[in-house]
Amino acid sequence: MKRLKDTKNYYLNQFRSNMPDVQTIPDISQLKQKIALLYLYMNKHLGFREAPRVILTKSEENANKQELGLTGYYNPQDKVVKLFITNRSISDCLRSASHELVHHWQNEHGMLNAMENSNGHYAQEDPNLRKREYEAFLYGSILFRDFQDEKRYGPSKVNNPLPKIV
Ligand SMILES: [Zn+2]
């Protein structure tokens, strides 16, 4: 098995070149650094096997151009996290990243198998994928919260286990 290199620089190399103009977000290099740090934080709690590729892209490239368009998605086949970042704050982009990284972790553990045959309503209609969505929202949000608190106040003395969603 390929060993995950646990360094920020290694992870920064996972970003593809499909970058929006620098003007579309206040500081794109800051966003990339923070996604890398978030990834490393989540890796300590979830244990990824490999770093997924992350593509930061303009929201206009989203097929759904309405206000409620996608903010990000994970493709289990090519193991790519795609984030639509135009006109979004760094914190908001990081929240999307944490959610999609949980989907990557699920995929590495064979939990997204039904995804190939799914339609747009998989999160509502497929019972397993519904649970995986609960898990991605729960784990993604709480790990992001803990990550933020660790950055603000230093590491916590307590390491709460993540609740199991069967
Ligand atoms: Zn999701």
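The questions and answers below concern a predicted model of a protein chain.

Q: In what order do the helices and strands of the protein chain run from the N terminus on?
A: The chain holds five helices and three strands. Read from the N terminus on, the elements follow the order α-α-β-β-β-α-α-α.

Q: In which order do the three strands stand in the sheet?
A: Strand S1 (residues 53-57) runs parallel to S3, and five bridges join the two. Strand S2 (residues 72-75) pairs with S3 in the antiparallel sense, over four bridges. The pairing of this open sheet is therefore mixed, and the order of its strands is S1-S3-S2.

Q: Which strands are the edge strands of the sheet?
A: The open sheet has the order S1-S3-S2. An edge strand here pairs on one side only, and this holds for S1 and S2.

Q: What is the average twist from one strand to the next?
A: The three strands form an open sheet with mixed pairing. From one strand to the next, its twist averages 15°.

Q: Which residue in S3 is the bridge partner of Leu-56?
A: Strands S1 and S3 run parallel and are joined by five bridges. Within S3, the partner of Leu-56 is Leu-83.

Q: Which residue takes a positive phi in the hairpin of S2 and S3?
A: On the paired strands, Asn-75 stands opposite Val-80 in S3. The hairpin has four residues between its strands. The residue with a positive phi, near 55°, is Lys-79.

Q: Which residues of S2 point to one face and are buried?
A: In a regular strand the side chains alternate between the two faces of the sheet. Strand S2 shows such alternation, with Tyr-73 and Asn-75 pointing to one face and not buried. Those that point to the other face and are buried are Gly-72 and Tyr-74.

Q: How many residues of strand S3 are buried?
A: Strand S3 spans residues 80-84 and is mostly covered. Helix H3 lies across S2 and S3, running at about 160° to S3. Of the five residues in S3, the number buried is four.

Q: Within what arc do the buried residues of H2 fall, seen down the axis?
A: Helix H2 (residues 28-46) reaches 26 Å from its first C-alpha to its last, close to the 27 Å expected. Its buried residues are Leu-31, Ile-35, Ala-36, Leu-38, Tyr-39 and Met-42. They line one face of the helix, because seen down the axis they fall within an arc of 165°.

Q: Which exposed residues does H2 carry on the face turned away from its buried side?
A: The buried side of H2 includes Leu-31 and Ile-35. The face turned away from that side carries the exposed residues Ser-29, Gln-30 and Lys-44.

Q: Which elements give two or more residues to the largest nonpolar core?
A: In soluble globular proteins, nonpolar side chains tend to be buried together. The largest nonpolar core here has 26 residues, and Ile-35, Leu-38, Tyr-39, Leu-83, Ala-97 and Leu-101 touch the most other members. The elements that each give two or more residues to this core are H2, S1, S3, H3 and H5.

Q: With which residues is Ala-97 in contact, leaving aside its neighbours within four places in sequence?
A: Ala-97 is one of the core residues that touch the most other members. With sequence neighbours left aside, its contacts are Ile-35, Leu-38, Val-81 and Leu-83.

Q: Is Arg-132 buried or exposed?
A: Arg-132 is found in helix H5 (residues 127-153). It touches Gln-106, Met-111 and Leu-112, not counting residues up to four places away in sequence. A residue with 20 or more other C-beta atoms within 10 Å counts as buried. Since Arg-132 has 22, it is buried.

Methods. Residues numbered from 1 in each chain as written. Predicted model: local features only at pLDDT ≥ 70, side-chain atom pairs only at ≥ 80, totals over all residues. Buried ≥ 20, exposed ≤ 12 C-beta atoms within 10 Å, placed from the backbone. Pairing = 2+ DSSP bridges. Contact = placed C-beta atoms within 7 Å. Expected span 1.5 Å × (residues − 1). Arc of directions from axis to C-beta. Core = buried A, V, L, I, M, F, W, Y, C linked by C-beta atoms within 7 Å. Axes fitted to C-alpha atoms, helices over the stretch in contact; angles between N-to-C directions.
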